[in-house]
Structures are given as C-alpha cells and as structure tokens.
Amino acid sequence: SSASVRILACMPSRTIGRSRGAIISQYYNRTARLRRQSSRPPLQQLSRTARPSLRQYDLETDPAVATLEDKRSLLVKELLSLSPSQRSHMLLTVPLSLAEKRILRWELSGHRSLLRQHTQHRAHSSPCGGSKDAIALVSLGGSAQQLLGALLQVLAPVLPQATSSQGCRGLWYRFLSLLAAVQPWHYALKQIGGRFGSSVLSYFLFLKTLLMFNIFSFLILVVFVVALQAAYPPTSASPQPFTGLELLTGAGYFTHSLLYYGFYSNITLNDPCASGPNGSVCPLAAPLLPYNMPLAYLFSIAVSFLLTFVLLVYSMSHSFGKSYRVGRSTGDLAVKVFCAWDFTVIQRRSVRLQCENICTQLKELLAEQRSCSRSLSLCQRLGHCTVLLLAWALSLSTVLGCVLAVHYFSEHMHTVQQEHQARGGGMRQQEAILLVLPLMVSLLNTLMPYMYNLLAMWEKQDSPVARVYVAICRNLILKMVVLGLLCYQWLSRRVVCSTEECWETCVGQELYRFVVMDFIFTLLDTFFGELVWRLVLEKKLKRKQRPEFDIARNVLELIYGQTLTWLGILFAPLLPAVQTLKLLLLFYIKKTSLMQNWQSPSKPWQASHMSTVFITLLCFPSFLGAAIFLSYTIWSVQPSENCGPFRGLETIYKSGNTWIQVLEKSNPNITWVAWIHQHLVENTFLLFFMSGVLLAAIYFNIQVVRGQRKIILLLKEQIANEGEDKVFLIQKLHSVYEQRER
C-alpha cells in the first residue's frame, strides 16, 4: 500500500523515493571529502584557472547546480582525481541502477582517453605513468620476444629515476597480471573447468601440484648430489652396451650410472689427501670446499622430504581454508548470477570460456541444492545400507585376493629368477623375468577399478560426491596394501641380490620398473579403455552419449605413481626426473583424451572439497607411508658392504655420527655442533615436545573455528530477529497511518 511505501522510504537503510540527482550529489560530496583527506599539491603549484576548485561547493545545498547532467559531470571530474582502486570502490558502492553506472563508466573512459592524449608529451618527466600504457598495449598481443623487449624498454628509464609512486604501483600490478597469464597451462585449465566443471578440473590441478613437488625434489638432488658426483665420477666397472631394453627394465646400461644408489661414492670429494706409493700425501693448502658425499646424500634426501612435507601441509591448510571456510555460504546463487562476470574480459575466446564456466558452476550449485532437498524413507535407507555392506564385503574380499595373488606370484618369480641365475642364462631372458611382476601388479591396478565401478552401479549412489569418495577409498586400500607387501619383500630379500650389485640398486631398479610399467598401462588404458570404447559406442552401438571421466581411478593412479617415486628416492635419486617427465606427458595425453572421448558430467556437482581430499590422501597414506619406509631403512637396515655411499657402516644413520666425531676431532673449537647433534637430533624429547606443540596448536585452531561458527550462528539469529523487528515496526506504523486516515 501507499502507506507502507512511505514508511519504507523513511527508513535510513532504504533509498526508495530518492532521485538519482540526490544520490549523485551525495556521492560527489563524499568523493570531495575523500580528496581532501588525500595528499594534494600546494596552491602555489596550481594554475590560476584550477585554484577555484569545485570541491568547495556542496551540491545538495547549491541551487545553481540543479540538472542531473551537471551533477553527473561534476561527479565524473571528482572521480577522475581519485586512484583507480578508490574510483572502482566508489562506483561499486553508489546505489544507482546499472544503466546509470554504465553511463558514468563511459564518461570516465572518455575523459581518461582525453587525459592520456594531453599527457603524452610529459612522458619523460613521469616515466612510470607512461609505462603503464606501454604494458597494457603489449599485454594485448604479440609474441613472447616482443613482450620481453617492450618490458626491457619500459623498465630501463624507470629503474634509475622513478619518481611517480602511483604510476610505479600501477606498473607493478600490470606486471603481476602478466605473471598470472604466463602460468603453466593457464588457458588449458580454464578450458577444462569451463567445459567439464570443477570436478574434472580438480584432477588436473592435482596433477599440476604433483609436478611442482617433483621438480622441487629433482632440483635439490641434482644440485647437491647428482651434479657433484658427475663432476667427480668414481672408478667403477665398465658400462654395458645400451640396447634400448634398459628403458623398460632400468638394468643393463643404467645399473652403473647416476640413476642408482650404487654409483655414488663414500669419500670426500675434492679431498686434498691423495694416496700414493708412500701413503697418503696431504698438501699444506687445503681445498676451499671439501665435500662429504655420504653426508650430502643423506641430508639432501632429508631436506627434500622435509620441505616437501612443509609444502604439503601448507597446501593442505590453504585448501582447507578455501573449502571449509568459516561462514562460507553454500550454494549462493545470487552472488554467482550478479557478481560472477569479469568485465575486463574482452577477447571472444575468453568471453566464450567464461560463459561456459559460469553456466557449469550454476548447474553445479543447482544440483547441490536439489540433492540436499531429497529424503528417503526408513525401508529405503535399510535396503541401501544392506547393499552398501555387501558391496564393501565384496570389495575387501577382492583386495585380500589380489594381495595373496601378488604374494605367491612374487615368491614364484623370485624362485624362477634364482634358478635362472644359477643356470647362467642370458641377460635378455633375465631382464624379461624382471618385468613380469610389475606387469602383473599394473594389470591388477588397471582392471580392479572397473570392477569397483560395477559395484558402484549396483549401489546406485544418488550423490556423485559420495560415489567418487567410495571409489577412491576402495582403490586406495588396494594400492596401499599391495605396496606395503612389496616393501616388506624388498627389504626381506636384500641379502639375496646379485653380488655385483647393491641391494639398494636392485630395489631402485624394481621401483623404476613399476613407475615405467604404470605409465605404459596408463597409455594402454587411455587408448583401449577410452578411445576404442568411444568409437565402439558411436560406430557400432550408435550411441551419441559418451562416457564420463572417472575421477577416482585417475586420481589414484597419480597418488600411486607419486608414492612409488617417494619410496625410490633413496635408492634412485633421479627417479623424480622420471616422474616429472611422466606427469608432463600425462597432462597432455589426458587433456587430449578428455576433449575427444569424454563428456561433461550428466549430474553436475560442485567439487569444492575435492582438492582438499586429494592433498590429504597424498599427505597421510602416501607421503607418511613412504617416510616410515625410508626412516626404517635409514635407522635399522644395514647398507651394502661393497658399494654405495654408506658402505661399511652398520646403518645409514651412522654416517651422521661418524661425521660429527671426525669434525669434533679435527677442530675442538666447534664442539657445540656435537652438543646440538647429541641433545637435539638424537634426543627424542625434542620430537615429542614439537609433536605436543603441534597438536596443541591444532586443538587451539579447532576451538577458535568452533567459536567463530557459534558467533556466526548467533549473528544470523540476530539478523533474523532484526528482520522480524522491522516487520513488526512496519505493521505498527501501518496501523497508525490507517487510524490517521480514518
């Protein structure tokens, strides 16, 4: 009614009944006050025409300025004097219609073009201000060589004589935007996310994260271990001829190379003491940097694992902060509809990509709201639980069967290998025997996920998220149990390895074969399981609907390959390089297969927590299991006596103690190093204390998050009560108006 409209117009939080001119006048005065607070040049530096500033007038009280166009033009002039961030914030907060804001933006763009033409002749006095336009022009197109050339031309006069802080800040922001555009696979990831949604995109983001981890570990090992050992190669046996089969088996030519543990020496590189006929001769001048290879080998692997763990924890906490944000609105369609478009996108390809991305995200939000509104009866829940129990019993029984099959088959192949060595068979037959066990394990890892998919079809999970999580759990249990069995067998058979090789080299070769065979079966599955199946559906069965991308199976393949790499980093220091090459090829193969053979999910769902789950699975079952295996090997297992950097020691850990003793005897002034090693490294109290502090910090953060959630609930209740108070107030005022009218 008209009375309610009048009451709403009088409320301070509403702008009903106010004209556009009044709103523009109010924001003009607010802009003027903002300019008064900012730093301005003194009056003597201004020209006489600019001294009588318009900021001294109040538009709401000045009768001379009455038209809407005059108020708009004055507001545009005041907005032009603000910084870009303040100007955009003011345009966002002004309560005007979109058409009125569009008019203001057009006028602002017209004024900025005129100002740019007038200030071109002053580019030499303000180099940073002119550099922003140069960066903007270069960023629109051109090759990488032209881009770098323009950047060098822009930065050359800026660096020695930069005087405009605002222009330099704008240059820095432009440079950051260019860095974001040159990220690896930037457009490819946007294309995947726009076409297939966040669920499929999470797989490729996870692959990119694994690639960064492997590059990081590879650089540490190459700089501190591999490169220095290559510069000082040990005197080893003559290498065998390269036949090409070594790319599959990792043996033969690769056995005595930088790829494996047995090639690395146990001496101090660049040692001044040379052994001669009269014994060790040491010159008076010591070398600048003697390098202890056993210590460098151990500490490089330890530092690589420690920094990888830090990066994993940081990635997991960052992902938790984005996925389980406190007070995060789930399914906020209004924000996605009105605030999702990026108005800086002007290229046709980017516009089409952004349209697809927003459309897919809206489908995911709607599907999430629809799934939350469904409810089942008691009988349906009991039947569904019975089916789930039977499916889990079948899946666990298949895991047990696969583990027993791998165990007995491994024992049989080990016996066959010993018999072949005793008969003195050929090298090619021996290397072919070595490939049988990785072939069988990779075959099981490829076929079992399809069986789990049949169980998922029988279960008929309504939620796609639950279906993916169940498939991940089943595949993860299978792969981790098989890997645990293989690790036990590798350590229990270390004494029966060939006398010419280290048992560490044998384990490294085995892990190399598993990594290579896993990649080969991934390629075969991509070709036969994806391409051929899609052709059969289209050509023979005449079906237009393509299959959907299996996220659980592909993610578990990545976690399995990364676990193999972490297990073998002690026995094959260059294994991260092999994994890096594998991930690079895998990204382009999977992307091509995704675009050609798969369709977008038939039930769109929002994978907001999917990246967090992937990082968590990578950290705890995968990284933690590899760390436990390597820690046991370093602390408890005796290394080989004839080869490797730790030959002749009881355990690998003893190399640190030996180095501390030698350091203490050679220089008594640095006994504090031995004290630190004894009380901080060997003492377990520090480890327990740090673990207690970490658990206390986690508990404290959990309690803080719970308190914030309670406060948010109270604030939401308070907002609801205030809304009810407004309704009550409007009803009372409405009754008062009706009584007055009567």
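**Exercise 1. Locate Gln229 and characterise its environment.**

*Solution.* Step 1: Gln229 belongs to helix α9, which spans residues 186-231; helices (H or I, at least four residues) and strands (E, at least two) are DSSP runs, numbered from the N terminus. The model is predicted, so local features need pLDDT of at least 70 and side-chain atom pairs count only at pLDDT 80 or more, while totals for chains, interfaces and linings use all residues. Residues are numbered from 1 along each chain as its sequence is written, and side-chain values use heavy atoms, with hydrogens and water left out.

Step 2: Gln229 counts as buried because its relative accessibility is 0%; buried means under 20% relative accessible area, exposed over 50%, and partly exposed in between, with a 1.4 Å probe and protein chains only.

Step 3: With neighbours within four places in sequence left aside, Gln229 is in contact with Pro234, Leu258, Phe263, Tyr264, Ser265, Leu269 and Met293, where contact means heavy atoms within 4.5 Å.

**Exercise 2. Determine which residues of helix α15 are buried and how they are arranged about its axis.**

*Solution.* Step 1: In α15 (residues 427-434), the buried residues are Gln430, Glu431, Ile433 and Leu434. Step 2: Viewed down the axis of α15, these buried residues fall within an arc of 155 degrees, so they line one face of the helix; the arc is that of the directions from the helix axis to the C-beta atoms.

Step 3: Exposed Arg428 and Gln429 are carried on the face of α15 turned away from its buried side. Step 4: The packing partners of the buried residues of α15 are α10 (246-249), α14 (378-423), α16 and α18.

**Exercise 3. Describe the largest cavity and the place of Thr522 in its lining.**

*Solution.* Step 1: Searching the whole structure yields 3 cavities of 30 Å³ or more. On a 1 Å grid over the protein atoms alone, a cavity is a set of points where a 1.4 Å probe fits but cannot get out, and lining residues have an atom within 4 Å of a point.

Step 2: The largest cavity holds about 60 Å³ of space, a volume being the space filled by probe spheres set on the points, with grid points joined across faces, edges and corners.

Step 3: Its lining consists of Ser442, Asn445, Thr446, Lys479, Asp518, Phe521, Thr522, Asp525 and Glu557. Two or more of these residues come from each of α16 (436-459) and α18 (503-540), and α18 gives the most, with 4 residues.

Step 4: Thr522 lies in α18 and counts as buried because its relative accessibility is 4%. Thr522 and Thr446 are 76 residues apart in sequence, with a C-alpha to C-alpha distance of 7.9 Å. Beyond neighbours within four places in sequence, Thr522 is in contact with Glu557, Leu586 and Lys590.

**Exercise 4. Identify the disulfide and state where its cysteines lie.**

*Solution.* Step 1: The whole structure contains 1 disulfide, defined as a pair of cysteine sulfur atoms within 2.5 Å. Step 2: The disulfide is formed by Cys502 and Cys643, whose sulfur atoms are 1.5 Å apart.

Step 3: This pair links distant parts of the chain, 141 residues apart: Cys502 is in the loop between α17 (464-492) and α18, and Cys643 in the loop between α21 (610-636) and α22 (654-666). Step 4: Both Cys502 and Cys643 are buried.

Note on methods: 1 Å grid on protein atoms, 1.4 Å probe; cavity = no way out; pocket = protein on both sides within 12 Å on 5 of 7 lines; lining within 4 Å.
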